Amino acid sequence: MARGVEVRVENVSKVFRDRGVTQALRGVSLTVRKGELFSILGPSGCGKTTLLRILAGLLKPDEGRVFFDGVDVTDVPAYERPIGMVFQDLALFPHLTVYRNVSFSLEIAGWPSDRIERRVREVLQLVRLPYEEFAHRKISQLSGGQQQRVAIARALAREPKLLLLDEPFSHLDYKIRIELIHELKRLQRETGVTTIYVTHDRNEAMLLSDRLAVMKDGVVQQVGTPEEVYRSPANAFVASFLGEVNIIPAKAVNGLIKLGDLEISLERLLPGLGNYTGDVLLLLRPESISLTPPGGDGALRFRVQLAEKVFLGPYTKLLFSGWGDIRLEALAPTREAAPLEPGSVVDVYVEASEMRVYTD
Amino acid sequence: MSRRPPLPSALALLAAAPLAYVLATFYLPLLIMLVESLKPQGPSLYVRVLLNPDYTSIMAYSLVLAVVTTASTFLISLPAAYYLSFHVEDEVEKSRYLAAFTVPMLVNFLLKAYALMNVLSVLGLANTYAGMVIGMVYEYLPYMLLPLFSSFERVERRLLEAAQTLGARSHQVFLRVVLPLSLPGIVSGVALVFLMSFTEFVVPAMLGGVYGYTMGYLIWDLFLRYRNWPVGSALAFIVTLVSLVIVYVYTRWGLGYEA
């Protein structure tokens with residue numbers, strides 16, 4: 001079933017200037033497993049597209065190697081790699097029909113025309129574009145979502161072993177985007193092709209991926225499942241890039257920090273910091289702050305004042321002012337938050353295990 | 001309900017002035033020439049001219065020369081324009097190359113022609129057919145190269161990358177993506193050079209020797225040496241009509257490929 005390749009990137013670096021902006025990759029190493037749906041997530045300019053283009057063979061790295069199933073393909077040109085690529089601007093051929101766009105790679109590969117037609121029908125069905133209705137349309141006669149489907153069909157036509165997507169849905173409406181992401185997931189499961197999806201949208205990445213890599217400034221910050229990366233971010237950047245987070249600076253003296261009137265032993269949060277002295281950052285997701293005391297005795301209790309309430313439907317965002325100029329953002333079920341009025345002083349609870357400590 | 005402005009807008013007047021100029025200097029005199037050519041004998045003159053093998057053979061000869069010139073210019077310009085557009089990355093360098101091809105357009109033609117005559121003499125090509133074709137290509141190169149270059153420039157580069165990721169090598173990318181997308185520029189460059197070289201007479205007259213007696217030369221002779229204006233105008237109109245028909249048919253065919 002899984003007819004994808006394993007992709008291994010070893011210590012890849014690349015520096016180039018593009019319209020006055022220096023794009024760079026610095027010592028990127030990662031492995032994407034056979035048949036995996038893998039996202040590369042990061043802000044614009046983090047090098048994610050550069051990495052994708054190196055995987056496609058459209059760019060050569062300055063240093064480092066790329067392996068498909070253990071075979072070094074670093075010097076193999078794009079047209080000889082077993083890939084399909086969907087570009088951000090789609091790059092569909094405007095002078096060709098849907099049919100001829102999809103059959104492009106098959107014509108190049110010299111397939112006989114009856115086999116090409118069978119395959120075009122198959123792939124259009126796979127992306128849910130009825131053949132009779134769409135095959136002979138021009139690209140300009142399609143909606144944005146339909147063009148996306150053609151781009152995916154074109155990339156999948158010759159059964160690539162690696163599918164590369166560069167923010168393909170970024171200019172579509174939210175609803176169509178979500179629909180296409182689910183479709184892509186289904187397609188990927190059906191075909192078993194190893195898929196690498198580049199995006200700056202954390203929701204897309206989390207919805208889609210088996211695993212993901214978070215990048216910043218040309219460096220991979222963390223690789224893991226969406227849950228691992230969300231719940232145990234490697235650093236403050238990863239934490240804040242994947243979702244809302246409270247970042248609380250504090251000073252530790254001999255393994256103890258003071259938060260308001262509360263004194264906490266760092267050892268409780270992260271074993272091995274028993275004697276640490278210096279600056280630390282505490283990271284806390286808004287949904288980890290609860291209005292009711294949890295069952296166990298591991299909870300920390302903070303006395304705070306409600307400054308602002310933002311109604312979000314099932315949840316309500318609560319902005320508390322704590323000690324000093326610390327602000328805490330919490331996300332509580334609306335039925336729990338409803339009785340609270342701005343100005344009221346309340347106790348909130350945090351499980352120690354939900355709090356992350358960073359010493360850098 | 002849309003209300004029309006009571007007077008033509010100032011912008012329309014801007015266009016009216018050059019239009020009036022063209023009417024007065026081109027279309028009106030042309031009409032007079034047409035009338036002049038019909039005065040002595042009526043349309044039968046045209047039939048006579050068309051049936052005169054002296055004239056038709058010269059027309060055929062000019063047609064062949066125009067095709068040879070256009071084809072040679074195209075074959076020389078295509079790789080140059082391709083290289084310039086796709087393989088010169090530095091914009092400054094690109095404009096330098098482009099200038100090298102276009103500066104000859106700014107130089108006085110007689111100067112260029114005499115300079116070329118010297119070179120052709122040294123090569124032993126003066127007053128030969130080949131020498132004449134070299135002169136024609138030399139004059140029309142920029143008119144072919146520039147449309148080719150600018151249509152190559154308009155081809156979205158991402159499409160070439162897409163073709164590569166679909167397995168296309170560079171010659172396949174060129175034939176399947178670049179060429180069809182550049183067709184409008186190719187068609188217009190070819191049409192332009194063909195039209196101009198069909199009626200050209202200065203280059204053949206100066207560089208062609210005995211090979212230089214083309215349609216343009218013949219019309220020149222009829223007007224200025226034999227003072228036979230009716231036949232001269234009739235031939236000129238026939239040539240114009242023939243080239244318009246050829247270019248129309250060719251353009252329809254060439255651009256039809258794209259649709």
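**Exercise 1. Determine whether N11(A) is buried, partly exposed or exposed, and describe its backbone.**

Solution. Begin with the accessibility: N11(A) has a relative accessibility of 45% and therefore counts as partly exposed, given that buried means under 20% relative accessible area, exposed means over 50%, and partly exposed lies in between (1.4 Å probe, protein chains only). Next, place the residue: N11(A) belongs to strand 1 of chain A, residues 7-18, where helices (H or I, at least four residues) and strands (E, at least two) are DSSP runs, numbered from the N terminus. Finally, turn to the backbone: the phi of N11(A) is positive, about 55 degrees, although the residue is not a glycine.

The structure is a predicted model, in which local features need pLDDT of at least 70 and side-chain atom pairs count only at pLDDT 80 or more, while totals for chains, interfaces and linings use all residues. Residues are numbered from 1 along each chain as its sequence is written, chains are lettered from A and ligands numbered from 1 in the order in which they are written, and side-chain values use heavy atoms, with hydrogens and water left out.

**Exercise 2. Locate A91(A) and state whether it is buried or exposed.**

Solution. A91(A) sits in the loop between strand 6 (83-86) and helix 2 of chain A. Its phi is near 55 degrees, a positive value in a residue other than glycine. With a relative accessible area of 5%, A91(A) is buried.

**Exercise 3. Describe the surroundings of L30(A).**

Solution. First, assign the element: L30(A) is part of strand 2 of chain A, which covers residues 21-32. Second, read the accessibility, which is 8%, so L30(A) counts as buried. Third, list the contacts (heavy atoms within 4.5 Å): setting aside neighbours within four places in sequence, L30(A) is in contact with V7(A), R8(A), V9(A), F38(A), A213(A) and V220(A). Fourth, compare sequence and space for one further residue: V12(A) is 18 residues from L30(A) in sequence, and their C-alpha atoms are 9.6 Å apart.

**Exercise 4. Work out which residues S105(A) touches, and in which chains they lie.**

Solution. S105(A) is found in helix 2 of chain A, residues 98-108, and its relative accessibility of 1% makes it count as buried. Not counting residues up to four places away in sequence, S105(A) touches R154(A), A157(A) and R158(A) in chain A, and also L166(B) in chain B.

**Exercise 5. Characterise the interface between chain A and chain B.**

Solution. Start with the residues: 21 from chain A and 17 from chain B take part in the contact. Continue with the area: about 1,900 Å² is buried between the two chains, and carbon and sulfur atoms give 64% of it, where buried area is the accessible area (1.4 Å probe) that two parts lose on being put together, summed over both. On the side of chain A, the residues that lose the most area to chain B are Y79(A), H95(A) and I108(A), together 33% of what that side buries.

Then consider the charges: the rule finds 4 salt bridges across this interface, a salt bridge being a side-chain nitrogen of Lys or Arg within 4 Å of a carboxyl oxygen of Asp or Glu. One of the pairs between these chains is E107(A) with R176(B), at 2.8 Å from N to O. Another salt bridge is formed by R169(B) and E80(A), at 3.3 Å from N to O. R169(B) lies in the loop between helix 7 (157-165) and helix 8 (170-181) of chain B, and E80(A) in the loop between strand 5 (71-72) and strand 6 of chain A, so this pair joins two chains. R169(B) is partly exposed at 37% relative accessibility, and E80(A) is likewise partly exposed at 45%.

**Exercise 6. Contrast the salt bridge of E117(A) and R121(A) with that of E183(A) and R149(A).**

Solution. The side chains of E117(A) and R121(A) meet at 3.1 Å, N to O. These residues are 4 apart in helix 3 (residues 113-126) of chain A, which means that about one helical turn separates them. E117(A) is partly exposed at 31%, as is R121(A) at 34%.

For E183(A) and R149(A), the N to O distance is 3.2 Å. E183(A) lies in helix 6 (residues 174-191) and R149(A) in helix 5 (residues 144-156) of chain A, so the pair ties together parts that are 34 residues apart in sequence. E183(A) is buried at 13%, and R149(A) is buried at 11%. Both residues also belong to a network of salt bridges that links R128(A), R149(A), E179(A), E183(A), R186(A) and E190(A).
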